[in-house]
Every structure is written in structure tokens, then in C-alpha cells.
Amino acid sequence: MNRRGFLLLGVSAIGLTFFLTSKMEQNKKLNFTKINRQNIFTRMALKVQTPKEVCNQKVSWTAFEEFGVAPLGRVLIPTSEKNENICR
Amino acid sequence: MIFDLNSFNKSDKYNYDAIIIGSGAAGISLGLNLAKRRLRTLILEGGELDYTDWSQDHYYGTVTARDLPYGLKDSRQRYFGGSTNCWAGGCGRLDAIDFLERDWIEKSGWPIDIEQMERWYGEAEKFLNISSENSFDDLGELLGFETKGLTYTEKVNFAEHYFQKIYDSKFLDLIFDANFKRFNLDDNGNSVTNVEVVSKSGVSKKFASKIYTLAAGGIETTKILLNSKKYRRVEIGNSSSTLGKFFCDHPIAPVASLIDSSGFMDDYKYNIWKYFERTDPNVRIPFFKLTDELQITHKLLNGAVQFYEQELELDPELEAAWKIRNSILNGNFTNISIEEIMSVTSSLQKVIRAYRQRRKREGRIALRFQIEQEPRSTNQIALIDETDSSGLNKVNLHWDFGDSERRTIEYLVAATTKALHPFGVTLMIDKQLINSNDLPFDLRGGQHHCGTTRMSKSASSGVVDRNLKVWDMKNLYICSSSVFPTNGWVNPTLTIIALAQRLGKIISDEVTI
């Protein structure tokens, strides 16, 4: 392969990488309506505590349920979308 | 002109139209306003032109009920310029609802309304060279709240900004090192005949005028009036027995972390530090506040939230590290315990990570609240036996919170949770609130002292009338956040300056009659 061939291959590789990255970014944006549990707990574990610790801790404040929010451990979820699985 | 009390050589019989005690935000703005109206005005400042420990020690006091994160001594400044010397510059108008009587908040309701304040807010904004326009993203609407910006004025240090103006003024004098000693009253005890001040070196002088205004700050003003018990049967302003009561400050604290798995919050300018890095002289920062409808429906106090980047959650180890850092900086090692040192050394990695995040100003996105406090008679300033260097008794502040504050915070957090949930943003309550019915332990007051000489419709329910005149005195006024019957959630300085502009007109009318 001559020099021009290498150049073409290089440009194509960069273009493909750029395309795939932007696609991944787009997918990330499209999925934002779902709670990414793994992501939440990875971040919590990295920054604060393990998911188990977070879920075993109880917040004592009393008016959350009246205002339509359920504390699952320390994580707050709207009552309408309460999902016990998040802490299993 | 500006004088030192020790070398002040005008005749003691020199009569002023108005005397103002205190040269902070209220005193200087009122003094300049009166001088503009060609009234011969004198400002008496207890401190000197620069900070001195001797002067600052006057502010020492004790605190009961809740351990204040700031001591009484350090939350204000006692020298020329007053607490504008340590003011961040936050300015905002109170909301219309803050002035109203709300049946779910005891003792709420101002004797004036927002319409009567509009003109004076405008004058105050002109004085500080700021505007009240809102130009922010619509995150407030998404939350079901309202977006309101606070402007941070560049004119934060009044001593620096107005020294020359006062020095050159033909109508305004300022005397420093003039520590308030007492008011001398007429035979009936309901009119001030002169005010007695004393310098650090013991030089005592009396000054007389037609009108007197106390503008010594939210706590010192009350302290001066409570000390009048020594020379008057009932303390000046206390015919209603409300003097010193109904103290309010703004509860402010981070309460939850936002777990932003989608990057949704990246689109919003939640990071307040980025605003401060802007080059505009007057920086505007968005807050997301409860609408009137939400307050009425859920019987809440007024309040707002803000999103900002903060280091790791404040765990006991990090709090201990922070305390040790401050102790080292202050050179005071006596209050560091072995347990605190052990907790820091055993979590050194965490402490270093938090330190690095703090330096880089990055970390979690925290939800922080700033809310109104319900006026309670038990939150009170009272005299203690110890006296300051000028002979006045120092004060104790009893400061606590109740269910209404906690309920408001819970609503703010719950509404934010529900609004952001569909966009992949989850809230996690801070660790410090586990198994606790209390408010966050790193709760701080805004150092906004309000309420202890409250403005009222009748003499039986407050200390000053709607014109800020002390109910049981003929010629004594108060210009301070201490006259606020309720404190809203907004920082108080703009309202203090607006009230000073209004009082300038009232005093001018009174003197020229």
C-alpha cells in the first residue's frame, strides 16, 4: 500500500470513530427517560456508599409521602413510579 | 466630613437634623439620602475606619437551642461600613406574598405591601447600580416553580465606595470610635433629647438632633433598646412586650444529591461558581422558588432551591477534617478531639479526594434550599450579665426551627424529585438525615438577622409603626432588618436599603414640617 492508501485508511478510521462516538452519545440521550440503575449505583458506590448501604438506610422525614414521593432507602422515587426492585 | 470622636471639635451644641447610629448598609444609604435632601445629618459609628478586635468584641454573645455555625461575634462587622465589609452582595426584592397576612403562618403580614415598596426598591437598585430583570433558562417552569434571579452587586463594600462622598459632603458628618452609651430622654421618657457616646479611650460626648435613627444591625439595634431598661421603666420600644422576640434567619443547607445519569442537568447553568467567574460587574444567579399557589395549597413557607456543585457529602470524617483545617488557620487547637483526628487519619483517602474536588470545584450536584423562617416568640434575643467594653450588656440568642420549616424543605425536595425523574435525574437524600427528624446538621443561617423590632399595624403587636417610628417614642426610628415582620427567602439587604430610601423621605417630611 502506498502513502496515499495509508492516508485514506487513517482518515476513514478517524471518521468512523467520530461517527460511532456521536451515535453512542445520541443513544445515551435517547435513553434518558429510564433510570439507569447501574449508573446510579456505580456513581453512588464510587462517590459515597454501596447500593446496599444506601438502600438499608432510612430517612425519617415524614411529609415526603404526602407530597407524592417515596423514599427507598435514601433514594427518592415518585410514588406513582414506585419500584421496589430498585433496592433489591 | 469624617471625624474621630476624640478630635471632634465642633461645638457640643451643634444641632443636626438627624442622627443615625450605625454606618452599615442602612446607616450609610439613609445618611446619603438625607444629605441629598439637604438635611444636616450625623452618622455615629462605634468602630473605627478599620477592623479592631476591641470594637469587634462588642458583638460577642451566646447562643442557645441550636448551635449556630457562625458565632454572633463573627456574623457581622463593627467598623466603618458595617457588615457590608463581609457582604457577598446578594440582592433581590421580597415577593408580594411575603408582605401578606397568611393564615397558616403565625404573626405574618407587614403593615405595608409590595406596591408601596415598588418605588423604594427601584431607588435602592439605582443606589446599588443593579437591575431586577430576569433572564434565565426555564428550569423553574419545569420544576413547577418560578425562576428568580438574585443580583450580586459589585458595590459590596460601602466604606470603600462612599468614603470620599461622605468626606466631601457638606450635609453629612460621620464620627467613628463613637460607641453608643445611652439615649437621654425628656421628662416623659418618650422623646430622645440627645445621644451619649464614648470613645475607646474614654472620651464621652453628647449629640442632639430632631430625629434619631437606630441602624446598628439586626441584633445590635435590639441590644441597644433592651439596655434602655437601665434608665427607663419599660425598655424603649417594648410597650408591646415583643422587643427582642420573633428572631428569624434564613435556614440554608444542601439536602440532597442529584444522580444525573442522563447528563440532563448539563444543559442548565446550575453551577453558581461559573456565574461568579463571569466578568459582568453585577452577577445574577438563578434560584427556583415556590409559586404563591403552591405555598397557599400546601400551607408552606416561602422558599427556593438552587443546584450547585459541591464536594462529597459532608460525612463526619470530612466535617472533622474541615474543623481541624479551620482550627489550624485560626491557631486554636483546644477544641480538636482525639476522635476527630482518628476519624480523619482513618479515612485519609476520602479526605484527600474531597479536598481535591473542592479545589477543582467539582463533585456532586447538590440541591440546596434557602427558606423563610416562621416568626416564633421563643426565638429571642435577651440580655446576659456580661457587659461589653462600652458598658452595655451583651446578648443571648435563642434560635430554633419547627415543623413548618421542615415541611417546606420536604416539599421543595419532593417537587424537584417528581419533576426531574422523567429526565433520568434521581435525588438521594443526604446521609446526615438518616434516622433524624432534625434539619441537616450543616444547616447554616444566612447571617440575616431579622424580626426582633418588628413593624406592626398596632402598638400592641410590634416595636415600630409602618413608618419605622418606634411606637412609644416621638422622634426615634429604626432602619434595620430587625423591623421585618417576616423574612421571605430572599437576602435582606436590598429591602433594608429600600426601607432606608423610604425612611429618608419620611424623616425629611417630618423635619421640614
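**Exercise 1. In this predicted model, determine which residue pairs with B:Arg40 in a salt bridge, and state where the two partners lie.**

Solution. In this predicted model, B:Arg40 forms a salt bridge with B:Asp17, and the closest N and O atoms of the pair are 3.3 Å apart. The criterion asks for a side-chain nitrogen of Lys or Arg within 4 Å of a carboxyl oxygen of Asp or Glu, so a separation of 3.3 Å qualifies. As for location, B:Arg40 belongs to the loop between α1 and β3 (41–44) of chain B, while B:Asp17 belongs to strand β2 (residues 15–21) of chain B, so the pair ties together parts that are 23 residues apart in sequence. Turning to accessibility, B:Arg40 is partly exposed at a relative accessible area of 33%, whereas B:Asp17 is buried at 6%.

**Exercise 2. Decide whether B:Asp95 and B:Lys289, which meet in a salt bridge, are buried or exposed.**

Solution. The side chains of B:Asp95 and B:Lys289 meet with an N to O distance of 3.4 Å. B:Asp95 sits in the loop between β5 (90–91) and α3 of chain B and B:Lys289 in strand β12 (residues 283–289) of chain B, so this salt bridge ties together parts that are 194 residues apart in sequence. A residue counts as buried under 20% relative accessible area; B:Asp95, at 9%, is therefore buried, and B:Lys289, with a value of 1%, is buried as well.

**Exercise 3. Repeat the analysis for B:Glu372 and B:Arg102, and then find which residues are joined into one network by salt bridges that share partners.**

Solution. B:Glu372 and B:Arg102 meet through their side chains in a salt bridge of 2.9 Å, taken from N to O. Since B:Glu372 lies in the loop between β14 (364–371) and β15 (380–387) of chain B and B:Arg102 in the loop between β5 and α3 of chain B, the pair ties together parts that are 270 residues apart in sequence. B:Glu372 is buried, with 0% relative accessibility, and B:Arg102 is buried too, with a relative accessible area of 3%. The network consists of B:Arg76, B:Glu220, B:Lys223 and B:Asp388, which are joined by salt bridges that share partners. Over all chains, a search of the whole structure finds 21 salt bridges.

**Exercise 4. Classify the packing of helix α1 against helix α5 in chain B, and describe the residues in contact.**

Solution. Helix α1 (residues 25–36) of chain B and helix α5 (residues 158–168) of chain B pack at an angle of about 25 degrees, and their axes are 11 Å apart. Angles under 35 degrees count as roughly parallel, so α1(B) and α5(B) are roughly parallel to each other. The crossing in which α1(B) passes α5(B) is left-handed. On the α1(B) side the contact is made by B:Ala25, B:Ile28 and B:Leu32, and on the α5(B) side by B:Phe158, B:Tyr162, B:Lys165 and B:Ile166. Sorted by class, this contact has 6 nonpolar residues, no polar residues and 1 charged residue.

**Exercise 5. Carry out the corresponding classification for helices α3 and α13 of chain B.**

Solution. Helix α3 (residues 114–128) of chain B packs with helix α13 (residues 493–512) of chain B at an angle of about 110 degrees, their axes being 8 Å apart. The range of 65 to 115 degrees counts as roughly perpendicular, so α3(B) is roughly perpendicular to α13(B). The residues that meet include B:Trp120 and B:Phe127 in α3(B) and B:Ile497 and B:Arg502 in α13(B). By class, the contact has 10 nonpolar, 2 polar and 4 charged residues.

Technical notes:
Residues numbered from 1 in each chain as written. Chains lettered and ligands numbered in written order. Predicted model: local features only at pLDDT ≥ 70, side-chain atom pairs only at ≥ 80, totals over all residues. Heavy atoms only, no water. Axes fitted to C-alpha atoms, helices over the stretch in contact; angles between N-to-C directions. Helix = DSSP H or I, 4+ residues; strand = E, 2+ residues; numbered from the N terminus. Parallel < 35°, antiparallel > 145°, perpendicular 65-115°, else oblique. Left-handed = near helix turned anticlockwise from the far one by under 90°. Contact = heavy atoms within 4.5 Å. Nonpolar A, V, L, I, M, F, W, Y, C, P; charged D, E, K, R; others polar. Buried < 20%, exposed > 50% of the residue type's maximum accessible area, 1.4 Å probe, protein only.
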